[in-house]
Amino acid sequence: MTEDVSRDDHRHMARALRLAERGLYTTDPNPRVGCVLVNDGEVVGEGWHRRAGEAHAEINALAMAGERASGATAYITLEPCCHHGRTPPCSEALIKAGVTRVVAAMQDPNPQVAGQGLAQLKKAGIETLGGVLQVQAEALNPGFIKRMKTGRPFVRGKLAMSLDGRTAMASGESQWITGEDARRDVQRLRARSSAIVTGIGTVLADDPSLTARVDADVEQPLRVVLDSRLQMPVSARMLALPGRTLVLTANDDAQKAAALRDAGAEVAVLAENQGRVDLSAALDLLAKRDINEVLVEAGATLCGAFLQAGLFDELVVYMAPVLLGHQARDLLMLPGLENMRDRIQLEITDMRAVGQDWRITASVSSQARGDAPLSRPT
């Protein structure tokens with residue numbers, strides 16, 4: 001690959017990334033990808049991947065460009081695929097269209113591609129360049145990248161707390177700690193997620209819907225309830241809503257499972273860990289179902305268990321300018337942290353105001369997770 005990167009390369013790739021973002025809520029389990037075709041300095045075609053099973057970004061851009069694709073440079077946020085899946089290989093389409101140069105933001109982590117797409121283009125005489133705005137491209141698809149590399153989804157924990165680190169009054173009253181702007185922001189987090197995970201305690205206490213309510217086209221995430229003893233009520237609100245609900249349990253009571261299935265839920269029995277559903281087994285199952293990004297919205301016990309097990313990649317914490325007092329409920333249950341050496345290290349990657357509240361985004365340290373965090377834009 002050549003290393004000649006121009007200002008125009010950055011500009012057109014930035015446009016391709018903005019196009020890719022249009023598929024943020026709809027492409028699962030595929031990655032979000034954008035493509036820009038430029039011929040003699042003029043943008044002649046643009047496209048993005050809208051939905052799994054539909055045309056990829058490159059095909060949409062080629063369709064827009066028509067004959068003007070011949071001799072063009074293609075700016076693509078992810079290496080073109082070179083295998084037959086639901087759709088034909090994009091690498092072959094680019095070759096057939098007469099594209100003479102391909103600039104890719106990053107290599108595809110899918111083992112079926114993994115450099116082979118660019119190699120095929122290069123073999124056909126097309127100039128290739130990789131790594132342009134790679135950090136930004138990686139940040140667009142953290143779940144797809146992690147699932148392809150590790151066999152696990154990207155796991156994001158969402159928390160809301162008062163300024164003194166509390167989540168609810170001692171009575172359990174918690175609506176609402178944060179303001180409307182923060183709650184709308186949470187809906188966008190839900191919309192980009194492949195699955196939303198909660199615990200049976202939250203279901204019994206709040207009867208949540210766990211739907212993504214945004215003013216945009218959205219593939220509703222899979223609703224996942226961790227319910228070790230199969231306490232899930234058949235009257236739960238989420239079972240009557242569009243979309244899928246999966247109950248993960250360590251209880252093999254066939255009668256209870258049948259009742260939940262009759263109510264519209266899927267039920268899967270997993271291994272247990274200290275009397276509870278094994279969290280690693282739960283994530284393994286979700287990865288096998290092609291789940292890319294998991295959003296955990298749960299209570300202090302389950303969120304604490306995810307964190308202590310090293311299963312969170314990222315925490316998104318909404319902090320409201322209120323005080324709830326020392327008797328209010330804690331943010332996380334983290335038993336065993338007795339000395340400073342036991343502390344769990346976080347890295348704050350973003351902090352911004354959302355209405356009257358603050359949103360703090362933090363990655364969990366690679367030591368706590370046992371792997372290296374994905375690079376992020378600065």
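1. Burial first: 50% of the 378 residues of the protein count as buried. Keep in mind that this is a predicted model. With 378 residues, a compact globule would have a radius of gyration near 21 Å, and the protein comes out at 23 Å, which agrees. Along its principal axes, the C-alpha trace spans about 65 × 45 × 40 Å.

2. On confidence, the average pLDDT is 91, and 94% of the residues score at least 70. The stretch to watch is residues 372–378, where pLDDT stays under 50. For that stretch the model has 15 contacts beyond four places in sequence, but where pLDDT is low, the predicted coordinates should not be read in detail.

3. For the overall inventory, there are twelve helices and 18 strands. If you take the contacts between residues at least 6 apart in sequence, 70% of them join residues at least 24 apart.

4. Now the big sheet. Nine strands make up an open sheet with mixed pairing, and their order is 11-10-9-8-14-6-15-18-17. Strand 11 (266–269) and strand 17 (346–354) are the edges, each pairing on one side only. From one strand to the next, the twist averages 20 degrees. Helix 7 packs on this sheet and touches strand 6, strand 8 (195–199), strand 14, strand 15 (314–320), strand 17 and strand 18 (357–364). The direction of helix 7 makes about 165 degrees with that of strand 15.

5. Two of the pairings are worth a look. Strand 6 and strand 14 run in the parallel sense over four bridges, with F154 opposite E293 of strand 14. Strand 8 and strand 9 also pair in the parallel sense, over five bridges, and here G199 stands opposite L226 of strand 9.

6. Strand 9 (residues 222–226) deserves its own point: five of its five residues are buried. L222, V224 and L226 point one way, while R223 and V225 point the other way. Note that R223 is on the buried list along with its neighbours in the strand.

7. Which residues of helix 6 are buried? Within residues 142–150, they are P142, G143, F144, I145, K146 and R147. The cover over these buried residues includes helix 5 (134–140), strand 6 (154–162), helix 7 (180–192), helix 10 (279–288) and strand 14 (293–296). So strand 6 and strand 14, which pair with each other, are both part of what covers helix 6. Just after the helix, G151 takes a positive phi of about 80 degrees.

8. As for the nonpolar cores, the largest has 38 residues, and those touching the most other members are M13, L37, A74, I76, L94, V99 and V102. Helix 1 (residues 7–21) gives the most to this core, with five residues. Leaving out residues up to four places away in sequence, A74 touches V36, L37, L94, V99, R101, V102 and V103. A second, separate core has 36 residues, including A195, I291, A298 and C303. As background, nonpolar side chains tend to be buried together in soluble globular proteins.

Conventions: Residues are numbered from 1 along each chain as its sequence is written. Side-chain values use heavy atoms; hydrogens and water are left out. Buried means under 20% relative accessible area, exposed over 50%, partly exposed in between (1.4 Å probe, protein chains only). Helices (H or I, at least four residues) and strands (E, at least two) are DSSP runs, numbered from the N terminus. Contact means heavy atoms within 4.5 Å. pLDDT is the predictor's confidence in each residue, from 0 to 100. A nonpolar core is a set of buried Ala, Val, Leu, Ile, Met, Phe, Trp, Tyr and Cys residues joined through side-chain atoms within 4.5 Å. Two strands pair if DSSP finds at least two bridges between them. Axes are lines fitted to C-alpha atoms, for helices over the stretch in contact, and angles run from 0 to 180 degrees between N-to-C directions. The radius of gyration is taken over C-alpha atoms; the globule rule is 2.2 Å times the number of residues to the power 0.38.
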